[in-house]
Amino acid sequence: MESRVLLRATATVAGISQLKRPIGAIHRQFGTGSSSFTAFAKPIGTIGEGANLISGRQLRPILLLDSPINGGDRREILKPVRASSAAAEGGDSAGEAKVGILQKNPWLVTGFFFFMWYFLNVIFNIMNKKIYNYFPYPYFVSVIHLFVGVVYCLISWSVGLPKRAPIDSNLLKVLIPVAVCHALGHVTSNVSFAAVAVSFTHTIKALEPFFNAAASQFVLGQSIPITLWLSLLPVVLGVSMASLTELSFNWLGFISAMISNVSFTYRSIFSKKAMTDMDSTNVYAYISIIALIVCIPPAIIVEGPQLLKHGFSDAIAKVGMTKFVTDLFWVGMFYHLYNQLATNTLERVAPLTHAVGNVLKRVFVIGFSIVIFGNKISTQTGIGTGIAIAGVAMYSIIKAKIEEEKRQGKKTA
């Protein structure tokens, strides 16, 4: 009897010890080296670990919840997942809504571009004229305009906004004539701004379409319709009326503005020959760099001795070093930004909108300059300026319609 009990106890203890065998022993019992079984037998781990591997596959923690935990409902566990998913969907919807607003209303972006173009242009003209009132050195100021813009372009290239486009010797030869005309037109415009009222300079520059038409007819050999020539008659008449009674008139300001018109006309001609695949931002950056190199020697020769003798010292004595330096910096920034923004704006619109935009810009500049500086103008000057601006508007609209008809004709052909 005792032996039977002893044998049963021994068997029970052996069974218990068999149950307590480590998992490694079980592996060895079923055969070592079975990687598939080992992976299967690997503990799954907790939900908080975020990722669980079963048979080499990664599973979302929620997929392991086959039964309620601690008496909780499975649907409660799924709520955070659904919430985060809904939040993600909501974020996507908001992003799509924002994009949709701009896509459905592109005029919002275009209108903003026009506003910033006009705003920067007006600020530049006002600040530029104020600088000339205490620092009448247009050659040096022209160099500062370009220098600040070039530094801005170099910094933009260094951070990849935009990415610098490569340039070779052939492209450089094409851009040099454009840059030279740009430099000459820029300097002579500033000479005119320094010599006469801003409003008068812009009135004279309203003749630029006349020079463009003449160059197209006699230089490029293009046939200009009689309607375009007739639309230019009010421009010539209006500028003549304004010039005869302009209180700030002097020949230096008048001739400089006229040279600027011719220079920018030839810049347009060379630009047409310099059409490349390079974007406008990079083209303008390269033109600014070349124009800066062109403008430095004349500034040194014409104004260098006067600047060293009393130019800088007089300006600093009048406004102080800090204001003098900051004025030059900001006028350069406004010059570059308004030119760059004008290019970007005009690329977004049709030729007719382009034409109207240019005319309205000149009206804005003339009006604001008269108000800010309190320039007194005669009745005849005011009437002449209005006639000239109206003629420019007529010319621009007619030309834009002609270009649009040509474009439609090419498409149908």
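Trainee: Between which helices is the loop that contains P162?
Mentor: This is a predicted model, in which local features need pLDDT of at least 70 and side-chain atom pairs count only at pLDDT 80 or more, while totals for chains, interfaces and linings use all residues. Residues are numbered from 1 along each chain as its sequence is written, and side-chain values use heavy atoms, leaving out hydrogens and water. A helix is a DSSP run of H or I with at least four residues, numbered from the N terminus. The loop with P162 connects α6 and α7 (169-195).

Trainee: What is omega near for the peptide bond from L161 to P162?
Mentor: L161 and P162 are among the residues lining the second largest pocket. The peptide bond that joins them is cis, with omega near 0°.

Trainee: Which helices each supply at least two residues of the lining of the second largest pocket?
Mentor: On a 1 Å grid over the protein atoms alone, a pocket is an open set of points where a 1.4 Å probe fits, with protein on both sides within 12 Å along at least five of seven lines; lining residues have an atom within 4 Å of a point. The lining includes Y152, T281 and H336. The helices that each supply at least two residues are α6 (138-158), α12 (280-319) and α13 (321-346).

Trainee: On which residue is the kink in α12 centred?
Mentor: A straight helix of 40 residues would span 58 Å at 1.5 Å a residue, whereas α12 spans only 37 Å between its end C-alpha atoms. The helix α12 has a kink of about 75°, centred on L307.

Trainee: Which residue forms a salt bridge with D327?
Mentor: A salt bridge is a side-chain nitrogen of Lys or Arg within 4 Å of a carboxyl oxygen of Asp or Glu. The structure holds one. Its closest N and O atoms are 3.2 Å apart, and the partner of D327 is K323.

Conventions
The expected span of a helix is 1.5 Å times one less than its number of residues. The bend at a residue is the angle between axes fitted to the seven residues ending there and the seven starting there.
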